[in-house]
Amino acid sequence: MQTRPITLSRRILAAALAALAAGLATHVATVVVFFATNGAAGANLIPVSNYFAPATGLLIVLLFLAGLLGAFRTWWGALLAGVVVGVGASVLGTVIAIAASGAPWDQAAVDYLLGSIIGTSLVFELAALLTAVTIGRAVWRRVAAWRAASPTPKALVRAPSRRLAEGELTHLERTPVDADRADEQWEAYVAALAAEGFDIVDVTPADDHPDSVFIEDTVVVLGDTAIITSPGAESRRGETDAVRETARELGLTLAQIELAGTLDGGDVLVVGSTVYVGRGGRTNAEGIRQLRAIATPLGYTVVAVKVTKALHLKSVVTALPDGTVLGAPKLVDNPAVFERYLQVPEAAGCAVVVLGPDAVLLSAAAPKTAALIQDLGYRVVTVDISEFEKLEGCVTCLSVRIP
Ligand code: CIR
């Protein structure tokens, strides 16, 4: 993942705080254990602390470097870093302690050094391992979560695959896709979101997945929960790994739709606390059941609706900021399921991205709808996404917005 404005500084801060917290906790735990097991004599406290100080300093520096490499993102990464860095820091720390004591570098010193790894320093090493996995990781996640909780909305995007033209088609005839034009249109789409105040979060592109630019299908975000989907098209199943990683780095709580359930994010339309989910070619009943099980405890009501005339639910309906559902002519199976419904004049006009309480993003292919929405008092930003429309994409599916 790459968060354009703050990636590096946030990563440095998270690694530094995690390393500092784990290192200091290791030091305190080690000194306390030695103090307690040596008769709790007050005079021992400072010498013991001084003895382990070089190892602690090294531990903090090495954990910081490991953190920069992403060690705290997963529990096993933190575990590995705790073991390797803990032993490394204790060995180097003991070397420094021997050198500082003025003792000669003879066989006895080497024996002492090797023996310390499973002797004197064992407590330090165990403490480093435990604090890296617990405190270090918790601090890392908390710092990442500050970002998720920040008031700036985010938009997850994924640059088009070089194999974009091979994307899946279900309802349209295949027509040639101009890759350069698609890249330009994607850049303009991203720039439009950035201009509206979204922090752009780039998910690592996936050239092996032609449809990966349609990132909306891989994750549904409800509040602080990112529900990683189980895409209905087999060719798209590998798209979710990098998206899961990004959601984790953003500090979102992860949930997962599992096979045999299938669910595409394009089938999920959130209006207030109602989650409409399309039962169509990509999303099956088991996928809907799992979504309901995840969303209901979060305070949402999941309403399943049939989709038989288009790829996804959001290919035929989305909603204005006031909750009015916009529907494409002739493509909505049952408009009556929506509380406030407005049919728009063009199929491409039914998809809007909410930019704020008074503005929406719309395809340039729907000028009559743009006029209609403007007439309702909204500001309308238009983007040309014709190359993506050839692959049954629309404005919503090129990003995932996190308010
Ligand atoms: C697909 O068939 O999966 C892609 N060619 C288009 C996905 C569009 N996704 C969306 O509207 N949510």
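Student: Helix 2 passes helix 3 in a right-handed crossing. Why is the crossing called right-handed?

Tutor: A crossing is right-handed if the near helix is turned clockwise from the far one, and left-handed if anticlockwise, by less than a right angle. Helix 2 and helix 3 fit the right-handed case. The model is predicted: local features need pLDDT of at least 70, side-chain atom pairs count only at 80 or more, and totals for chains, interfaces and linings use all residues. Residues are numbered from 1 along each chain as its sequence is written, and side-chain values use heavy atoms, without hydrogens and water.

Student: How do you know where the axes of helix 2 and helix 3 run, and at what angle do they cross?

Tutor: Helix 2 covers residues 42–68 and helix 3 covers residues 75–101. Their axes come within 8 Å and cross at roughly 145°. An axis is a line fitted to C-alpha atoms over the stretch in contact, with angles from 0 to 180 degrees between N-to-C directions. Helices are DSSP runs (H or I, at least four residues), and strands are E runs of at least two, numbered from the N terminus.

Student: Which residues make the contact?

Tutor: Contact means heavy atoms within 4.5 Å. Helix 2 brings residues including Y51, P54 and L58, while helix 3 brings V85, G86 and T94 among them. By class, this contact has 14 nonpolar, four polar and no charged residues. Gly counts as polar here; Ala, Val, Leu, Ile, Met, Phe, Trp, Tyr, Cys and Pro are nonpolar, Asp, Glu, Lys and Arg charged, and the others polar.

Student: What about helix 3 and helix 4?

Tutor: Helix 4 spans residues 107–117. The two axes come within 10 Å and cross at roughly 150°. This crossing is right-handed. V87, V91, T94, V95 and I98 meet A109, Y112, L113, S116 and I117. That gives eight nonpolar, two polar and no charged residues.

Student: What makes a residue one of those that surround the ligand?

Tutor: One of its heavy atoms must lie within 4 Å. 15 residues surround the ligand, and E168, D211, D217, R236 and R282 are the closest. The shell has five nonpolar, three polar and seven charged residues.

Student: How do you know that R236 makes a polar contact with an oxygen atom of the ligand?

Tutor: A polar contact with the ligand is a pair of N or O atoms within 3.5 Å. An N or O atom in the R236 side chain is 2.8 Å from a ligand oxygen, so the pair qualifies.

Student: Where is the cis peptide bond?

Tutor: The cis bond joins L259 and A260, with omega about 10°.

Conventions: Polar contact = N/O pair within 3.5 Å; in protein donor to acceptor, adjacent residues only side chain to side chain.
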